[in-house]
Amino acid sequence: MAALWGRKMRTEGEGPDRELPAEVVAGQAIYNRATLAVYDVAVLGVSCRLLWRCPKADMLAGYDRNVGANHLELGVGTAYFLDRCRFPDPRPQVTLVDLNPTVLTGAARRISRYQPRMLQANVLEPLAVPAGAYDSVGMNFLLHCLPGDWEAKGMVFSNAATALRPGGRVFGSTILADGVRTTAPARALMRLYNSRGIFHNADDDLAGLRAELAGRFVDCRLIVRGCVALFEARTAPHASKTS
């Protein structure tokens, strides 16, 4: 996948180089200007606390523990956490990767003080980013929007492992349907979102997530809050990356 390495790695109008699977497109299509305008309040405020039962403060704490000076964000949302987290360097290098150009440009605008690089790409495919260059890779509320089983979704972790330097950190969160305690309202909303192609997590379980992390990283840590799994791990200090 070709890209220009610069402040903007792919212009908003170009998009990925080949036709994408319908399920991949559906998982990100809902995020337009209208939904992004209310996302922080409706999702990170109301849904996270009342339905998924994971306060956004727990996610922010994961950023504060793990984010590095050279950071790669996969599935950027509104950049709420990148806007608020404590980077270890006052002038971090941030690269944003998302399939949706509206999401990508909105997030970049929000953290424009960091002059982030942008790449419009499918995170389930190899990414045109420098291998072994990043201190951290974040993926918050990304995995439950991606189609496929854990083996298919594991490509995102492979991409993270390739991008990270030895000892680099991967972290994030995802909503699970199995292996965690879910409430009736949460299950109902998940069923609705899965039926509409917004979520693809009907078979996502805690054990599968743990296995995908353990197959590529060391020092894996999983914290469950409601039906959300918060995860963090690192690459081995001197081991070669898993493809």
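**Close-ups of salt bridges and a hairpin**

**View 1. Arg-65 reaches over to Glu-232 in a salt bridge, with their closest N and O atoms 2.8 Å apart.** Arg-65 sits in helix H3 and Glu-232 in strand S7, so this contact ties together parts of the chain 167 residues apart in sequence. Keep in mind that the model is a predicted one. The two ends sit in contrasting surroundings: Arg-65 is partly exposed at 42% relative accessibility, while Glu-232 is buried at 8%.

**View 2. Strands S6 (residues 218–225) and S7 (residues 228–234) run antiparallel, paired over six bridges.** Glu-232, the salt-bridge partner of Arg-65, turns up again here as the bridge partner of Arg-221. The two strands make a hairpin with two residues between them. In that turn, Gly-226 has a positive phi of about 65°.

**View 3. Asp-58 and Arg-225 meet through their side chains in a salt bridge, 3.1 Å from N to O.** Here helix H3 (residues 56–66) supplies Asp-58 and strand S6 supplies Arg-225, which puts the partners 167 residues apart. Asp-58 is partly exposed, at 24% relative accessible area, and Arg-225 is partly exposed too, at 35%.

**View 4. Lys-153 and Asp-204 form a salt bridge with closest N and O atoms 2.6 Å apart.** Lys-153 belongs to helix H6 (residues 150–163) and Asp-204 to the loop between helices H7 (184–195) and H8 (206–214), so the pair ties together parts 51 residues apart in sequence. Both Lys-153 and Asp-204 are buried.

**View 5. Asp-40, Asp-83, Arg-84, Arg-110 and Arg-113 hook up into one network through salt bridges that share partners.** The count of salt bridges for the model comes to 13.

Key:
Residues are numbered from 1 along each chain as its sequence is written. This is a predicted model: local features need pLDDT of at least 70, side-chain atom pairs count only at pLDDT 80 or more; totals for chains, interfaces and linings use all residues. Side-chain values use heavy atoms; hydrogens and water are left out. Two strands pair if DSSP finds at least two bridges between them. Helices (H or I, at least four residues) and strands (E, at least two) are DSSP runs, numbered from the N terminus. A salt bridge is a side-chain nitrogen of Lys or Arg within 4 Å of a carboxyl oxygen of Asp or Glu. Buried means under 20% relative accessible area, exposed over 50%, partly exposed in between (1.4 Å probe, protein chains only).
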